[in-house]
Amino acid sequence: MSAADETAAAARLAFQAATSWLDALPDRAVLPEGVDEAVDRFGGPLPEDGAGAAAALAELESGLDAATASPGPRFFHFVTGGVTPAALGADWLATALDQNAFSRVGSPLGTRLERVAVDWLKDLFELPAEWGGALSTGATTANLMGLAAARQWWGEQHGRDVGAEGLAGLPPVPVLAGGFIHPSALKALAMLGIGRERVRIFARDSAGRLDLPALEAALGALGGGPAVLVGNAGEVNAGEFDPIAALADLAEEHGAWLHVDGAFGLFARLSPRVAQLAEGVERAHSVIADGHKWLNVPYDCGFAFVRDTALLAKVFSLAAAYLPSDEPEPTYGYLTPESSQRARALPVWAALRAWGRAGYRELVERHLDLARHLAARVDEADDLERLAEVPLNIVCFRYRPAGLDEEELNDLNARLGEEVLADGRVYVGTTSFEGRTAFRPAIVNWRTGEGDVDLLADVVLELGARLLARTK
Ligand SMILES: Cc1ncc(COP(=O)(O)O)c(C=O)c1O
């Protein structure tokens, strides 16, 4: 077989396997039966002799039951989007074209589409047009980028170019946040040499809600020295927000940097019904969001937006005689942690082109309605208890039959959480919210409909009753 024929055959095989898997997605259990056996199909030593592309792909197809139906409508765990039709097609093209979006010279297509996508996203999120930005592999790397820009700025306030000289000899970087701060921001601070344990958290309750006066007092006590504030637009337990506008006021008053993690909550800005939750984001210095959540583009994709792009370049640029300089468009390999990088702008651009602002606004509003519908189902069920308001797209609730104390309820809900995942009809994770073990379904997938959230409530009630009967 010629190389061209082998490539075409592999592409056809992948297309057929993918489309039949996707066709069954609406009815597919999130956790397929026989997942352990399917996983065990893969293993063994590195083969000495190759099997060829067709055989490799056939073997892969035989193990697709090791995949969860994560792009399907009933995956409510974590915060997990699906893949829109346009994003899927464009992502396949990105792989087929294998563009290196590092630079304009390497991929005029990837670079131009990234610039357009970043501009469109700023428009979508109502961020100032003059800000810079770049795509990333997710919200964690986007947090890394925003906080790297913050660290660079902070170093400059001390007369130092941290990108060039490092942090040695400088005092610790003061980072202040509320209790909503996501662990990925802490991970970013660890990577940046600031230290995850250096963050001072100001929470007024066990849910992590920001204690603004305490944060303000601590900021004041720094005596005008530069500091970094981290705000969360959307936290994972109940979808609540830090008061971003108040943080922006403090940042302005004290000359601090404000970084906002809006991994999914930034999408609140698309709907007038909830836009006020993320008010003030446009006054921050760095703002990030995820693509593989509410934009519903495939892994891996996030976005970082910064007021001053030059700060990103001071951290992430690299130079060598063989590398390009002074390109007519941003050289994204000089603004992001990766150098060579996948042309993930293709799916982002295509998704936005296919649905436009109105399509994404409609998506967000549909999910707001679904979250309210689920909240109503929880409220009307005797054995379910909602634990928080539903400002956005997450419903925090627990199974609560009568006659159990708090410890017993926590134990029951933890075990029920495991049973729901093992059952596999719907997928939803548990958390600890104000000391109570709770479910926290997050609705961001474009395929999710009312029947899916109804099934979630039904499954929790059904398995809960069964578990309770076994425990008695
Ligand atoms: C608020 C927030 N920030 C950051 C992240 C990390 O995102 P990723 O896994 O895409 O890096 C998440 C993931 O759920 C999140 O909800």
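Which residues in H1 meet which residues in H3? On the H1 side they are Glu 6, Ala 9, Ala 10, Leu 13, Ala 14 and Ala 17, and on the H3 side Ala 53, Ala 54, Leu 57 and Glu 61. By class, that contact of H1 with H3 has eight nonpolar residues, two charged ones and no polar ones. Before going further, keep in mind that what you're looking at is a predicted model.

Now look at how those two helices lie. Helix H1 covers residues 3–23 and helix H3 covers residues 53–62, and they pack with their axes 9 Å apart at an angle of about 10°. Angles under 35 degrees count as roughly parallel, so H1 is roughly parallel to H3. If you're tracing the contact residues along a helix, it helps to remember that an α-helix has 3.6 residues a turn, so residues three or four places apart point the same way.

Next, the sheet. It is an open one built from seven strands, in the order E1-E7-E6-E5-E4-E2-E3, with mixed pairing. Its edges are strand E1 (132–136) and strand E3 (200–201), each of which pairs on one side only. As a quick reminder, strands of a sheet pair through backbone hydrogen bonds, either parallel or antiparallel.

Start at the E3 edge. Strand E2 (residues 175–177) and E3 run parallel and are joined by two bridges. To find one of them, go to Ala 177, whose bridge partner in E3 is Ile 201.

Then hop over to the E1 edge, where E1 and E7 pair in the antiparallel sense over five bridges. A handy landmark here is Ala 134, which has Ala 304 in E7 as its bridge partner. Strand E6 (residues 286–290) also runs antiparallel to E7, again with five bridges. In that pairing, Asp 290 is matched with Gly 302 of E7.

E7 itself deserves a second look. It spans residues 302–306, and five of its five residues are buried. Both of its faces are covered: Gly 302, Ala 304 and Val 306 are buried on one side, Phe 303 and Phe 305 on the other.

The loop between E6 and E7 is where you'll find Asp 300. A cis peptide bond, with omega about 0°, joins Tyr 299 to Asp 300. For context, most residues other than glycine have a negative phi, and most peptide bonds are trans.

Speaking of phi, two glutamates catch the eye. Glu 126 sits in the loop between H5 and E1 and has a positive phi, near 55°. Glu 434 is in the loop between strand E10 (430–433) and strand E11 (436–439), and its phi is positive too, near 50°. Are they buried or exposed? Glu 126 counts as partly exposed because it has 14 C-beta neighbours inside 10 Å, and Glu 434 counts as partly exposed with 14 such neighbours inside 10 Å.

Helix H8 (residues 183–191) brings us back to the sheet. Ser 184, Ala 185, Leu 186, Ala 188 and Leu 189 are buried in it. The buried residues of H8 pack against helix H6 (139–157), along with E2, strand E4 (228–232) and strand E5 (257–261). Just after H8 comes Gly 193, with a positive phi of about 75°.

What about the ligand? It is surrounded by 15 residues, and the closest are Gly 138, Ala 139, Thr 140, His 182 and Ala 263. By class, the shell divides into six nonpolar, seven polar and two charged residues.

Finally, compare two single residues. Ser 103 is in the loop between helix H4 (85–97) and helix H5 (108–124). A residue needs 20 or more other C-beta atoms within 10 Å to be buried, so Ser 103 makes the cut with 23. Setting aside neighbours within four places in sequence, Ser 103 is in contact with Thr 111, Pro 324, Glu 327, Thr 331 and Gly 333. Phe 15, on the other hand, is 88 residues from Ser 103 along the chain, and their C-alpha atoms are separated by 30 Å.

Ala 422, in helix H13 (residues 406–423), is exposed, because it has 9 other C-beta atoms within 10 Å. From Ala 422 to Leu 323 is 99 residues in sequence and 51 Å in space, C-alpha to C-alpha.

Conventions: Residues are numbered from 1 along each chain as its sequence is written. This is a predicted model: local features need pLDDT of at least 70, side-chain atom pairs count only at pLDDT 80 or more; totals for chains, interfaces and linings use all residues. A residue is near a molecule or strand if its C-beta atom, placed from the backbone, lies within 6 Å of it. Ala, Val, Leu, Ile, Met, Phe, Trp, Tyr, Cys and Pro count as nonpolar, Asp, Glu, Lys and Arg as charged, and the others, Gly among them, as polar. Helices (H or I, at least four residues) and strands (E, at least two) are DSSP runs, numbered from the N terminus. A residue is buried if 20 or more other C-beta atoms lie within 10 Å of its own, exposed if 12 or fewer, and partly exposed in between; C-beta atoms are placed from the backbone. Two residues are in contact if their C-beta atoms, placed from the backbone, lie within 7 Å. Two strands pair if DSSP finds at least two bridges between them. Axes are lines fitted to C-alpha atoms, for helices over the stretch in contact, and angles run from 0 to 180 degrees between N-to-C directions. Angles under 35 degrees count as roughly parallel, over 145 as roughly antiparallel, 65 to 115 as roughly perpendicular and the rest as oblique.
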